[in-house]
Amino acid sequence: MLLLVPILLELATIVLGVHAFMSLHVFVGLLLIPLVLLKLGSTGWRFARYYTRSRAYVAHGPPQLAMRSLAPLLVLATVILFGSGVAMGILHGHALQIARRLHGPTSVIWLVLIGIHVLVYLKRALAGSLEELGSATRREVRGASRRGYTLAAALIVGLAAGVATVPAQHRWVDLRHHHHDRHDDRRVAQR
């Protein structure tokens, strides 16, 4: 549930014009990285525990077949999307162009896959979140405190990454301008 608001905010920056909202887009993207890594880790843990036949995980049952089929694509798209986003702030030249070419199309694929994931699991996620947040049941939910501290730590690390990179965000913000400048330079050189 904690991922949903920043993902919707990222989607809004895209719909409203990513270049106009690039600083916010980068900040929220960096905020999401620790949360997404935590989600990938917890999902990977459940996957491993289920397939190593841990009694509690087997009793809970497997994910729906369609979701198990989409999972590898969602994980791959997630890694490419966030990796290419970070790479655009670090790389130069041809490597930067590759990262840019990967990021846009992968974001569309990722948004479709994450949309399907949210539609399938939203009701269950809401119920689980409400159960953990309920003061009377909080003591009954095993591991709730640990999950809460882990989520808070991931959120703090994400916020710190976003804030720490604000001075360097010009790298991402200027991507459009650098692309056009090079394109104009090529035209001048061809004349």
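This is a short talk through a predicted model of a helical chain.

Okay, let me start with the overall layout. Keep in mind that everything here comes from a predicted model. The chain has eight helices and zero strands, and if you read along the sequence you get α-α-α-α-α-α-α-α. There are 191 residues, and buried ones make up 25% of them.

Let me take helix 2 to begin with. Helix 2 covers residues 22–51. What span should its 30 residues have at 1.5 Å a residue? The expected figure is 44 Å, and the end C-alpha atoms are 41 Å apart, which agrees. There is a bend in there, though: helix 2 turns by about 30° at Ile33, and a proline, Pro34, follows within four residues. As for burial, the buried residues of helix 2 include Met22, His25, Val26, Leu30, Pro34 and Tyr50.

Now helix 4, residues 65–87. Helix 4 has 23 residues and runs 34 Å from its first C-alpha to its last, close to the 33 Å expected at 1.5 Å a residue. Where does helix 4 bend? The bend is at Ala71, by about 35°, and Pro72 is the proline that follows within four residues. Among the buried residues of helix 4 are Met67, Leu74, Leu81, Phe82 and Ala87.

While we're on helix 4, have a look at Val86, which is found in that helix. Val86 has a relative accessible area of 29%, so it goes down as partly exposed. The C-alpha atoms of Val86 and Leu30 are separated by 8.1 Å, and those two residues are 56 apart along the chain. Leu30, remember, is one of the buried residues in helix 2.

Next, the aromatics. The structure holds three aromatic pairs. One of them is Tyr50 with Tyr51, and that pair is edge-to-face, 4.9 Å centre to centre with 90° between the planes. Is Tyr50 buried or exposed? Tyr50 has 14% relative accessibility, which is under the 20% cut-off, so it counts as buried. Tyr51 is at 42%, so that residue is partly exposed. Add Phe47 to Tyr50 and Tyr51 and you have one aromatic cluster.

Another pair is Phe82 with Trp110, also edge-to-face, at 5.8 Å centre to centre and 85° between the planes. Phe82 lies in helix 4 and Trp110 in helix 5, so this pair ties together parts that are 28 residues apart in sequence. Both Phe82 and Trp110 are buried.

Back to the end of helix 2, since there's a residue I'd like you to click on. Arg53 lies in the loop between helix 2 and helix 3, which is residues 55–60. What does Arg53 lie over? The answer is the face of Tyr50, at 5.9 Å from the ring centre. Arg53 itself is at 56% relative accessibility, so it counts as exposed. That puts an exposed arginine over the face of a buried tyrosine.

Then there's the backbone. Most residues other than glycine have a negative phi. Arg53 is not a glycine, and yet its phi is positive, about 70°. That positive phi comes just after helix 2.

On to helix 5, residues 93–133. Arg100 is found there, and at 23% relative accessibility it counts as partly exposed. Which residue is 12 along the chain from Arg100, with the C-alpha atoms separated by 6.7 Å? That's Met88.

Met88 turns up again in the last thing I want to show, the second largest pocket. The volume of that pocket is about 570 Å³. It is lined by 29 residues, and the ones that lie nearest its centre are Val18, His25, Leu81, Met88 and His103. Two of those names should be familiar: His25 is buried in helix 2, and Leu81 is buried in helix 4.

Which elements give two or more residues to the lining of this second largest pocket? They are helix 1 (4–15), helix 2, helix 4, helix 5 and helix 8 (175–190). The largest share, eight residues, comes from helix 5.

So, to recap. We have an all-α pattern along the sequence, with helix 2 bending at Ile33 and helix 4 bending at Ala71. Phe82 and Trp110 tie helix 4 to helix 5, and Arg53 lies over the face of Tyr50. Over to you.

Conventions. Residues are numbered from 1 along each chain as its sequence is written. This is a predicted model: local features need pLDDT of at least 70, side-chain atom pairs count only at pLDDT 80 or more; totals for chains, interfaces and linings use all residues. Side-chain values use heavy atoms; hydrogens and water are left out. Buried means under 20% relative accessible area, exposed over 50%, partly exposed in between (1.4 Å probe, protein chains only). Rings of Phe, Tyr and Trp (its six-membered ring) pair if their centres lie within 6.5 Å; planes under 30 degrees apart count as stacked, over 60 as edge-to-face and the rest as tilted. A charge sits over a ring if NZ of Lys or CZ of Arg is within 6 Å of the ring centre and within 35 degrees of the ring normal. The expected span of a helix is 1.5 Å times one less than its number of residues. The bend at a residue is the angle between axes fitted to the seven residues ending there and the seven starting there. On a 1 Å grid over the protein atoms alone, a cavity is a set of points where a 1.4 Å probe fits but cannot get out, and a pocket is an open set with protein on both sides within 12 Å along at least five of seven lines; lining residues have an atom within 4 Å of a point. Grid points are joined across faces, edges and corners, and a volume is the space filled by probe spheres set on the points.
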